[in-house]
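Q: Hi! I have a protein open on my screen and would like to get to know it. Can we go through it together?
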Amino acid sequence: MTIKMNKPSNWVKKIIYSIEPDGNLIDIACGKGRHSIEFSNRYKVFAVDKNKEFLKQLENIKNVETINEDLENSLKWSFSKKKFKIVLISNYLFREKISDLFNLVDIGGYLIYETFAVGNEKYGKPTNPDYLLRPDELLEIKPKNFKTIDYFFGESFENSKKSVVQRLAAKRIS
């Protein structure tokens, strides 16, 4: 079975292609793997998702290692003690473990976060406030040892869909 997937985010591509191509990248809640595939020629990619069918489609992609894991339970993640050059989160929000995402970033590494925000309700799903970032929420939770590289909160048009998003690219400086 082939699974149809959206194209990678233009903003994510712009940010990641500005970072030197070596090291590892973890794609949190990778879904169908649009970003994992895109960046597998530049980094060793760890594609994490709870959907086994999605991950099965990525098993034969060079430089991609799949991790089947439910990110939304009380257990420590199997990869929580590892450090990554790039931690990528796209279209995913689980506030209870958001600080754990920053802890995965190696010194000198980057957190790249893009997901839906308050205001998206007028364009479609998600509409549940549990899955929508509040204004400037990513900036407010960003630890002090991270420097903001890029930030955006507002309307976006991508993959033929209008939405309200929040984006943060931050570099861990210590």
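Q: To start with overall shape, what radius of gyration does the chain have, and what would a compact globule with 174 residues have?
A: This is a predicted model, so keep that in mind as we go. The chain has a radius of gyration of 15 Å, and a compact globule with 174 residues would be near 16 Å, so the two agree.

Q: And what box do the C-alpha atoms fill?
A: Roughly 45 × 40 × 35 Å, taken along the principal axes.

Q: Cool. How many helices and strands are there in the chain?
A: The chain has five helices and seven strands. Starting at the N terminus, the elements run α-β-α-β-α-β-β-α-β-α-β-β.

Q: What order do the strands have in the sheet?
A: The order is β3-β2-β1-β4-β5-β7-β6, in an open sheet of seven strands with mixed pairing.

Q: Which strands stand at the edges?
A: Those are β3 (64-68) and β6 (146-158). Each has a single partner strand, so one side of each is left without a neighbour in the sheet.

Q: By how many degrees are neighbouring strands turned against each other?
A: On average by 15 degrees, if you ignore direction.

Q: Let's zoom in on a pair. In which sense do β1 and β2 pair?
A: In the parallel sense, over four bridges. Strand β1 covers residues 24-28 and β2 covers residues 44-49. To find the pair on your screen, look for Ile26, which stands opposite Phe46 in β2.

Q: How many bridges join β4 to β5?
A: Six, and those two strands also run parallel. Strand β4 spans residues 84-90. Here you can look for Ile86, which stands opposite Tyr110 in β5.

Q: Is β5 largely enclosed or left open?
A: Largely enclosed by the rest of the structure, because nine of its 12 residues are buried. The strand runs over residues 105-116.

Q: What share of the whole chain counts as buried?
A: Of the 174 residues, 47% count as buried.

Q: New topic: how many cavities of 30 Å³ or more does the structure hold?
A: One. The largest cavity has about 40 Å³ of space in it.

Q: Which residues line the largest cavity?
A: You'll find Leu71, Trp77, Tyr92, Phe94, Lys97, Ile98, Leu101 and Tyr113 around it.

Q: How do the residues of that lining divide into nonpolar, polar and charged?
A: Seven are nonpolar, none is polar and one is charged.

Note on methods:
Residues numbered from 1 in each chain as written. Predicted model: local features only at pLDDT ≥ 70, side-chain atom pairs only at ≥ 80, totals over all residues. Heavy atoms only, no water. Pairing = 2+ DSSP bridges. Axes fitted to C-alpha atoms, helices over the stretch in contact; angles between N-to-C directions. 1 Å grid on protein atoms, 1.4 Å probe; cavity = no way out; pocket = protein on both sides within 12 Å on 5 of 7 lines; lining within 4 Å. Points joined across faces, edges and corners; volume = space filled by probe spheres on them. Nonpolar A, V, L, I, M, F, W, Y, C, P; charged D, E, K, R; others polar. Rg over C-alpha atoms; globule rule 2.2 N^0.38 Å. Buried < 20%, exposed > 50% of the residue type's maximum accessible area, 1.4 Å probe, protein only.
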